[in-house]
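Hi everyone, thanks for making time for this. I'd like to walk you through a structure I've been looking at, so let me put it up on the screen.

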Amino acid sequence: MKVLLVDDSRLARLELRNQLKHCTDIEIVGEAADVSQALQQIADTSPDLLLLDIDMPGADGFQLLEQLAEQSTLPHVIFVTAFDQYALKSFDYHATDYLLKPVTLPRLQAALAKVPAPSQRPQMTLQSQVFLKDGDRCYFVTLADIYAFEAQGNYTRVHFAAGKPMIYRNLSALEQKLPADAFFRANRSWIINTQYIRQIEPNISGGFEVGLSADLKVEISRRQASAFKQGWSL
């Protein structure tokens, strides 16, 4: 289970690190001292679980989760805080557990035991539906209807017939969740849904030029061309 520590106190993060050494099947993928750092770490590492403080400078833990709600997939959350007055509010954010500092090892282990292991979570298929929010617009889209994902910095533009919303998620994190029998990483900036390929031609760089639905043109890089041929040749 990939765990991200989010707490403005370096000592609190260090204490959690030391305790997590005694917990099995845990990988700490990063730390963040505030919400902006946490958003970046989540985009980069796709954690399964946040050990999340609430009272932090700038924006609090609840505001972090409100921003994450715009994404199609969310990590599990265990709040770790010095204040008990937020316990009831935490249930509105579907928290797995609520730990009061100082956290004891048995209490931490009991909270971790409530989090489903990654292998136990349902895998996404072409029939999976995902929620996307871009500003005031919301979409509930079946993966099979998505033509492609286009990287734009730390954001990704999702291309489908009804719109092209931007989500705060990087392409590498998305690639890990998409069904590999349909979605292919064409290059650093694009993942394409192969069922929407309408034409394909070799190019001078050794890769391919692919035409998708909605007049999208995408290059399969020379590096990825070999993997594409292996995956889709007879």
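Before we start, one bit of vocabulary: buried is under 20% relative accessible area, exposed is over 50%, and partly exposed is whatever falls in between. Please also keep in mind that this is a predicted model.

Okay, the overall picture. We have seven helices and 15 strands in the chain. Its C-alpha atoms fill a box of roughly 60 × 40 × 30 Å along the principal axes. There are 234 residues, and 48% of them count as buried. If you take the contacts between residues at least 6 apart in sequence, 50% join residues at least 24 apart. On the outside, the chain exposes about 12400 Å², with carbon and sulfur atoms supplying 50% of that. For those of you who think about charge, there are 23 positive and 27 negative side chains, and the centres of the two sets lie 5 Å apart.

Now to the aromatics, which is where I'd like to spend some time. How many aromatic pairs does the structure hold? The count is eleven. Take F62 and Y86: their ring centres are 5.9 Å apart and their planes sit at 70°, and an angle over 60 degrees counts as edge-to-face, so that is what we call this pair. F62 belongs to helix 3, residues 61-68, while Y86 is in the loop between strand 4 (76-81) and helix 4 (87-91), so the pair ties together parts 24 residues apart in sequence. Are these two residues buried or exposed? F62 is buried, at a relative accessible area of 1%. Y86, at 24%, is partly exposed, because that value lies between the two cut-offs I gave at the start.

There is a second edge-to-face pair to show you, F184 with F228, at 5.4 Å centre to centre and 65° between the planes. This one also links distant parts of the chain, with F184 in strand 11 and F228 in helix 7, 44 residues apart. Both partners are buried: F184 has a relative accessible area of 7%, and F228 has 10%. And back around our first pair, ring pairs link F62, F79, F83, Y86 and Y98 into a cluster.

Since F228 brought us to helix 7, let's stay there. The helix covers residues 222-232, and its buried residues are Q224, A225 and F228. Looking down the helix axis, those buried residues fall within an arc of 115°, so they line one face. What sits over them? The cover includes strand 11 (183-185), strand 13 (197-202), strand 14 (208-212) and strand 15 (217-220). On the face turned away from the buried side you'll find the exposed residues R223 and Q230.

Helix 5, residues 105-112, can be read in a similar way. Its buried residues are L108, A111 and L112. They fall within an arc of 100° when seen down the axis, so they too line one face of their helix. Their packing partners are helix 1 (10-20), strand 3 (49-52), strand 4 and strand 5 (97-100).

Let me zoom in on a single residue, T156. You'll find T156 in strand 9, residues 155-160. T156 is buried, with a relative accessible area of 0%. Setting aside neighbours within four places in sequence, T156 is in contact with F149, E150, A151, P165, M166, I167, R169, N170, L171 and L174.

Last topic: the backbone. As a reminder, most residues other than glycine have a negative phi, and most peptide bonds are trans. Against that background, here are a few spots to look at. K101 and P102 are joined by a cis peptide bond, with omega at about -5°. P102 sits in the loop between strand 5 and helix 5. Then there is D25, which is not a glycine but has a positive phi of about 55°. D25 is in the loop between helix 1 and strand 2 (27-32), and at 69% relative accessibility it counts as exposed. D215 is another non-glycine residue with a positive phi, about 60°. D215 lies in the loop between strand 14 and strand 15, and at 73% relative accessibility D215 counts as exposed.

That's my tour, and I'm happy to go back to any part of it.

Definitions and conventions. Residues are numbered from 1 along each chain as its sequence is written. This is a predicted model: local features need pLDDT of at least 70, side-chain atom pairs count only at pLDDT 80 or more; totals for chains, interfaces and linings use all residues. Side-chain values use heavy atoms; hydrogens and water are left out. Buried means under 20% relative accessible area, exposed over 50%, partly exposed in between (1.4 Å probe, protein chains only). Helices (H or I, at least four residues) and strands (E, at least two) are DSSP runs, numbered from the N terminus. The arc is that of the directions from the helix axis to the C-beta atoms. Contact means heavy atoms within 4.5 Å. Rings of Phe, Tyr and Trp (its six-membered ring) pair if their centres lie within 6.5 Å; planes under 30 degrees apart count as stacked, over 60 as edge-to-face and the rest as tilted. Accessible areas come from the Shrake-Rupley method with a 1.4 Å probe; for residues, only the protein chains shown count as cover. Lys and Arg count as positive and Asp and Glu as negative; His and the chain ends are not counted. The place of a charge is taken as NZ of Lys, CZ of Arg, CG of Asp or CD of Glu.
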